[in-house]
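Work through the exercises below with the model open beside you. Try each task before reading its solution.

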Amino acid sequence: SSGINAEWPLRPGTFILKMKLLISALVLVALASAHPDDRRPHPRPHGPRIFVRPVQKSEQGATLQFKFGVAGMKPLDEAKVNLKKVLKGRVLEDTDFDISLKTLTEEEIKEWMDEHKEDKEDRDDKDRRPHPRPHPHPHFKHAIVASVTVNNATCDDQARYLARYGKGKHDDEEEEEEVAHPHPKPHPRPPPGAFLILVKGCKRDDEEDVRPEPRPHGPRIFVRPVQKSEQGATLEFKFGVAGMKPLDEAKVNLKKVLKGRVLEDTDFDISLKTLTEEEIKEWMDEHKEDKEDRDDKDRRPHPRPHPHPHFKHAIVA
């Protein structure tokens, strides 16, 4: 009781200060409990990943040697590692290449990953879009390296190939977890483990197919994005409509865009002229820098740019 008498009564200022310290301590404890170290993103669950350089080059008659790797968080089976040749129609065929396999130790895995960190990985790493919270690169526990030898390379060896683990992406439970949550807007991309063997002096079988066809679309609009004038002056400008099929002048029109994207007819004087093929070429050369329709507003580079179509019909307003 003497200790209590020594501490009590507390002065009002001292009591308030101690209460603030107590509340602050409780808040810190609550925050520590609510935000543990798991704020750091964990590696996403997935099956074995394939590491292979996207292009292997050789000369005719030479011996081509290269490697590819399979890595995962669970033990791997060498019997499931295989290499397929991709024929037309995406038909897979066994190769006659000499393939030797080696299961790596953890130390060898680390060395392999450091040496081949720039190799082409599976589809998760081909998506270069930044994530709001980037996932850390997993530290693989198990890995197998395949050493491939192609003796006396010929033009028949020039093709697309697919390094795989198992028969497909649904063989492993880990991969099924990933497939169960696909990207909301999946983008077409080569499958994991896909690569190409090029043999010098050989013509690619799909060379004709490599050139993309012009994308099908309706008439395209060509108009400069800004037209400038002065008050009281006369402004004259042109815009063009071009397509692969015959066009109808009665369908060409010009609207004023009001608030709320409401369209209103204009009182401008508009004269129309249907061009000949020669006039179309001259028009395109003269206005090639004009702003085109929405297809050309997308400035993202395409992996294989589509050729500019040669329009057969055009109307100039």
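## Exercise 1: An edge strand

Along strand 2 the side chains alternate: Gln56 and Ser58 point to one face and are buried, whereas Val55, Lys57 and Glu59 point to the other and are not. The model is a predicted one.

**Task.** Find which strand pairs with strand 2, and in which sense.

**Solution.**
1. Begin with the general pattern. In a regular strand the side chains alternate between the two faces of the sheet.
2. Look for the partner. Strand 2 and strand 9 run parallel and are joined by five bridges.
3. Pick one position. Serine 58 stands opposite valine 199 in strand 9.

## Exercise 2: The sheet

**Task.** Give the strand order of the open five-stranded sheet. Then explain why one side of strand 2 and of strand 5 is left without a neighbour in the sheet.

**Solution.**
1. Trace the strands across. The order is 2-9-8-4-5, and the pairing is mixed.
2. Check the ends. Strand 2 (55-59) and strand 5 (92-94) stand at the edges with a single partner strand each, so one side of each has no neighbour in the sheet.
3. Add the twist. On average, neighbouring strands of this sheet are turned by 35 degrees against each other, direction ignored.
4. Take a pair from inside the order. Strand 4 (residues 81-86) and strand 8 (residues 159-165) are antiparallel, with six bridges.
5. Locate one bridge. Lysine 85 has tyrosine 161 of strand 8 as its bridge partner.

## Exercise 3: Ring geometry

**Task.** Classify two of the five aromatic pairs in the structure. The cut-offs: planes under 30 degrees apart count as stacked, over 60 as edge-to-face and the rest as tilted.

**Solution.**
1. Take phenylalanine 97 and tyrosine 161. Their ring centres are 5.5 Å apart and the planes stand at 40 degrees, so this pair is tilted.
2. Place the two rings. Phenylalanine 97 sits in the loop between strand 5 and strand 6 (98-103), and tyrosine 161 in strand 8, 64 residues apart.
3. Check burial. Phenylalanine 97 and tyrosine 161 are both buried.
4. Take phenylalanine 222 and phenylalanine 311. Their centres lie 5.9 Å apart with planes at 80 degrees, so the pair is edge-to-face.
5. Place these rings too. Phenylalanine 222 belongs to strand 10 (residues 220-222) and phenylalanine 311 to the loop between helix 7 (277-286) and strand 15 (313-316), so the pair ties together parts 89 residues apart in sequence.
6. Read the accessibilities. Phenylalanine 222 is buried at a relative accessible area of 2%. Phenylalanine 311 has 7% and also counts as buried.
7. Look for a cluster. Ring pairs link Phe66, Phe97, Tyr161 and Phe195.

## Exercise 4: The core

**Task.** Which residues have the most contacts inside the largest nonpolar core?

**Solution.**
1. Count the members. This core has 23 residues.
2. Rank by contacts inside the core. Phe68, Leu83, Phe195 and Ile197 have the most.
3. Map the core onto strands. Strand 3 (64-72), strand 4, strand 7 (142-150), strand 8 and strand 9 (194-200) each supply at least two of its residues.
4. Zoom in on leucine 83. Beyond its neighbours within four places in sequence, its contacts include Phe68, Phe97, Val148, Tyr161 and Phe195.

## Exercise 5: The whole chain

**Task.** How many helices and strands does the chain have, and what share of its residues is buried?

**Solution.**
1. Count elements. There are seven helices and 15 strands.
2. Assess burial. Of the 317 residues, 27% are buried.
3. Consider the surface. The chain exposes about 23,800 Å², with carbon and sulfur atoms supplying 53% of it.
4. Finish with contacts. Among those with a separation of 6 or more, 80% join residues 24 or more positions apart.

How values were computed:
Residues are numbered from 1 along each chain as its sequence is written. This is a predicted model: local features need pLDDT of at least 70, side-chain atom pairs count only at pLDDT 80 or more; totals for chains, interfaces and linings use all residues. Side-chain values use heavy atoms; hydrogens and water are left out. Two strands pair if DSSP finds at least two bridges between them. Helices (H or I, at least four residues) and strands (E, at least two) are DSSP runs, numbered from the N terminus. Axes are lines fitted to C-alpha atoms, for helices over the stretch in contact, and angles run from 0 to 180 degrees between N-to-C directions. Rings of Phe, Tyr and Trp (its six-membered ring) pair if their centres lie within 6.5 Å; planes under 30 degrees apart count as stacked, over 60 as edge-to-face and the rest as tilted. Buried means under 20% relative accessible area, exposed over 50%, partly exposed in between (1.4 Å probe, protein chains only). Contact means heavy atoms within 4.5 Å. Accessible areas come from the Shrake-Rupley method with a 1.4 Å probe; for residues, only the protein chains shown count as cover. A nonpolar core is a set of buried Ala, Val, Leu, Ile, Met, Phe, Trp, Tyr and Cys residues joined through side-chain atoms within 4.5 Å.
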